[in-house]
Amino acid sequence: MLDMKYEGADLRSKRRPKSVIDRVWNFFASVKVGLWLIALIIVGSAIGTIFPQEMYIPQQLPPEQYYLEEYGTPGSIYYALGFHNLYTSWWYIGLIVMLTLSLIVVSIDRGVPLYKALKNQPVRRTERFMKGQRLFGQGEGTEAQIDEMEASLKKKRYNVKRDGDALLAEKHRFGRWGPYVNHVGLVIFFLGAMLRVFPAFHTDTLEWVREGDTVSLEATDGEYYLRNDQFILEMYDPENNEEDAKFAAAIEKAGAVPKNYETELTLFKKTGTNEDGSPQLEQVDVGSTKVNHPFKFEKYEVYQEQYSSRPEFLSMSFMLADKQTGDEYGPFKVDLENPEKSYDLNGVTVTLKDLYPDFEVKDGQPNTKSPRALNPAFFFNVESPEGETESNLIGIRLNVADEENRYEVQFAGTEMASTSGLRVKSDSTYPILIVGATIFMIGIVMGMYWPHRRVWIRRHEDEVLVAGFTNKNPSSLRREVSPLLEQTGLPMWEDQARFTSKPENESTDERGES
Amino acid sequence: MEWIEWSSRMLFIAFFLYAISTVLFTIAVSGMRKDRNVNRVAYGKYAFILAIIGFVAQMTYFFMRWAGVGYAPVSNLYEYTTFFGMMMVLGFLVVYGIYKNDVLGLFAMPVALLVIAFASMFSSEVAPLIPALNSVWLKIHVTTAALGQGILAISFASGLIFLLNETSMKEQSKSRTWLEVTMFVLMCTLGFIIVSMLFKGIGAGGVVEFTNDRGQAETYEYFMPILFVPEGAQLLSGASGLSLELPNWINTLKLNTLIWSVIGGIVIYVLLRFVILRKRVAEALQPLAKKVDLDLADEISYRSIAIGLPVFILGGLIFAMIWAQIAWNRFWGWDPKEVWALITMLTYIYYLHMRIQRGWTGTKAAWLCVGGFGIIMFNLVFVNLVIAGLHSYA
Ligand code: HEM
């Protein structure tokens, strides 16, 4: 049978190679090579999922230790072979690059000749050509019958061309371009993805913004500022919310289940600089960002990615009690960001000697773990109107003071703020990716849903020859056209490439019984 | 709550209808022993109609549950797997509509039944939707991907038909061996279902406590008799019998379930092979598969891939990327589920290229169809339950 893949067109890759370029061309134009690449990518990708990639493991432990402890010796080997970063390894990326080259070369190598061949195809084909088709038949017939066939094929929406007593009917030729269209889409997509290695094409920063704070967005080079107006964490509440009541059993098992993470925010644009160096801001927009609903402005997107589960303290207020007289002083408020040095309360002076935003005791000394106001403690000196000074160390569940002290410092209130971790992103490769993916999808649909079908009929000597070709589903072509052949009385065609069961199996076949 | 109860009833009815439909397809294909003159064409038609009514019943389940939970019910393993089974039935209905072949029903419907029964082994409890899943893209992406997979799964049924028809059962061959292995794997799935129901019924489980490799105390709740426990585990309730201690990095709870499923599969297989059929399971099925000519079986596989793959690519990769961008702010992150969706696509792409360019039709192509379905099931079961990732529901 004839190889109909490219209508017998002359492919560059099938010529004898003359130069190195020819050899490279032939290598990438080879479908065998392309299929090996796909097979290797399948195997490689699968290996990468045996254990989690490094980016998904917890960061407390060094990776080599983590893989050993969590997955035993296999994990250790996995790490040693570099599979913990498989998808960014040189060989994996190499495979993708080669696949892209292969797609480009193969599509030019075959697409162009195929296009020319289909554009200039003759209506009258040789006897050899027709006999070489999978569907072929020959026998008696007249030109009138061919005319009748032309009409019925047209009814089935075939494009019919005539050349005397020869006929060519064709349908869905554009479906043949499907593979080429999808390959081109894929190449565009891959090229877009490869552009992302250049930092100029995208920005990506995580901004931690405390409620009430305004930050300059690094991704916009300081052009825009964002204020976190409020962070909202909503939990499912089966007891008080009727809608959520149906989830009560599941929530009891799982503990609290979050319903919404959202940051309400205000966007500012910097218009200039004040004399003291602070930025002049103009409000541009208000909105919110929550999971699955990023906030967008210009080319940027702001995602609600994280939040600090421990809110920070903005301020703490205290009262001062005179243990001797029972008098109370205050309250006074210590702003944790800009604390005042001393507070005058009707003659009693409280001086803030030391502030530990994230208190701990280290080597017997008070200390701060971090600059974030997560667990603040205060070291106060209290000076009575008479000029006597006592000291106090006060924090959450912490009050270190001399028993004899006249004054006692007591908590009177706190102001707290949550912190949102907002991911600010922009990516100028998105349009390329979207175009690539769209073309790819269109090509796939074109190629898979519109099979290219052709029927040739001609008189040869005193017989009529009938042949059919389709790039997919020959029996569907048969089902469509055989009844027409029968109606017109033209010779019936046969499928020349049918499978045959192994004869020894026929004995178990019950077909004869019914 | 009422919606949910009714939806479960509808699912049960659908399951029942599918089962009858399978029986009718069997009669349509083989005829019953005593009555050789049954009107096979009519039985095939009834079977098809019952499959359609069953599908409508399952759609009713789906929308009732939707009304009950308040979101498209495709958000945990129970819901998703049930939906996948329904999409397999839809895939079958579409392909049957084109080819009107009863043998296909005989093979496709039982696989769908198995998938739905398997789904019902997972907890059907109504759970709240976490913010990451709360998006229109949940329904768009998951339903399209499942529809694609359901249609692709039909190529498994027709691939099996091809192989059963074509493989000689008289002489030893790789095909014969692997066909029997495929049958055995299906038996193990059935084994899992039967064993789970049995042990849950008699309450033959137990709870152990142990120190995990992060040094924290953890408990495992077994629903099957305990065969394996982590090192240094202590029994809190139930009987441990002869349980074996294994290193901590092995999840003995899952291993326990797996081993019991395989034991169940072995029992069923041995019963079938040596007591009931007294021949290879594949050999027993062969006469049924012989009713389809090879070309048709091969073409049905190709057709269902041609129809299913674009749907799968759209739902499982393109919509997936769009949603991943919105929810996780990256369109692709090499999460295991994503990678296995890519592998699924590449496997069928491999099939298409091998077919069109290297003439792989017939046996090799049919094996690729079996393998492709294996990958789909792997992505559904294994990636969710064993390889934990962002997508893992369980
Ligand atoms: C992930 C990568 C690829 C995808 C998604 C893809 C997709 C497709 C699809 C859907 C078809 C149509 C198949 C059919 O009609 O049955 C096709 C055809 C084809 N592909 Fe690919 N392909 C890929 C990679 C490759 C590679 C690497 C090569 C070669 C080196 C290649 C060469 C071809 C050829 C020669 C055809 C046939 C074109 C024709 O019928 O005229 N493809 N491709």
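# A tour around the ligand between two chains

Start by selecting α10 of chain B: this helix gives the most to the shell around the ligand, with seven residues. Keep in mind as you click along that you are looking at a predicted model.

**Stop 1: the ligand and its shell.** Now select the ligand itself, and you will find it lying between chains A and B. Expand the selection to its surroundings and you should have 27 residues, of which A:Ser102, A:Tyr180, A:His183, A:Lys472 and B:His353 come nearest. Colour that shell by residue class: 18 are nonpolar, seven are polar and two are charged.

Which helices should you show as ribbons here, each supplying at least two residues of the shell? From chain A, show α2 (31-47), α4 (90-119), α7 (178-195) and α9 (430-449); from chain B, show α10 (336-358).

**Stop 2: the iron atom.** Zoom in on the iron atom of the ligand. Which residues coordinate this iron atom? They are A:His183 and B:His353, each through NE2, at 1.9 to 2.0 Å. The pair joins two chains, because A:His183 sits in helix α7 of chain A while B:His353 sits in helix α10 of chain B. If you turn on angle labels, the six donor atoms of the iron give values of 83 to 178°, and the site is octahedral.

Next, compare the surroundings of the two histidines. Is A:His183 buried or exposed? Its relative accessibility is 13%, so A:His183 counts as buried, the cut-off being under 20%. B:His353, at 22% relative accessibility, counts as partly exposed.

**Stop 3: polar contacts of the ligand.** Stay with B:His353 for a moment: one of its polar side-chain atoms is 2.6 Å from a nitrogen atom of the ligand. Then pick A:Lys472, where an N or O atom of the side chain is 2.7 Å from an oxygen atom of the ligand. Finally, pick B:Tyr302, which places a polar side-chain atom 3.1 Å from a ligand oxygen.

**Stop 4: the annotated span of chain B.** Zoom out and turn to chain B. An unreviewed UniProt entry lists residues 75-205 and 267-391 under "domain: Cytochrome c assembly protein". Select 75-205 of chain B: the span is 77% helix and 0% strand, with its end C-alpha atoms 27 Å apart.

**Stop 5: the annotated spans of chain A.** For chain A, the unreviewed UniProt entry gives "domain: ResB-like" at residues 31-390 and 402-481. In residues 31-390 of chain A you will see 30% helix and 36% strand, and the end C-alpha atoms lie 87 Å apart. In residues 402-481 of chain A, helix makes up 35% and strand 45%, with 104 Å between the end C-alpha atoms.

The "transmembrane region" annotation, also from an unreviewed UniProt entry, covers residues 24-51, 89-108, 180-201 and 430-450 of chain A. Two of these spans are worth selecting in turn. Residues 180-201 of chain A are 73% helix and 0% strand, and their end C-alpha atoms are 28 Å apart. Residues 430-450 of chain A are 95% helix and 0% strand, with the end C-alpha atoms 30 Å apart.

**Last stop: A:Leu2.** Jump to A:Leu2, in the segment before α1 (20-29) of chain A. A:Leu2 counts as partly exposed, at 27% relative accessibility. To finish, draw a distance from its C-alpha atom to that of A:Met416: the two residues are 414 apart along the chain, and the separation is 80 Å.

How values were computed: Residues numbered from 1 in each chain as written. Chains lettered and ligands numbered in written order. Predicted model: local features only at pLDDT ≥ 70, side-chain atom pairs only at ≥ 80, totals over all residues. Heavy atoms only, no water. UniProt positions renumbered as here; feature names shortened; annotations may be inferred. Helix = DSSP H or I, 4+ residues; strand = E, 2+ residues; numbered from the N terminus. Near = heavy atom within 4 Å. Polar contact = N/O pair within 3.5 Å; in protein donor to acceptor, adjacent residues only side chain to side chain. Nonpolar A, V, L, I, M, F, W, Y, C, P; charged D, E, K, R; others polar. Donors = N, O, S within 2.8 Å, 3.2 Å for Na, K, Ca; no water. Tetrahedral: all angles 85-135°; square planar, octahedral: opposite > 155°, others 65-115°. Buried < 20%, exposed > 50% of the residue type's maximum accessible area, 1.4 Å probe, protein only.
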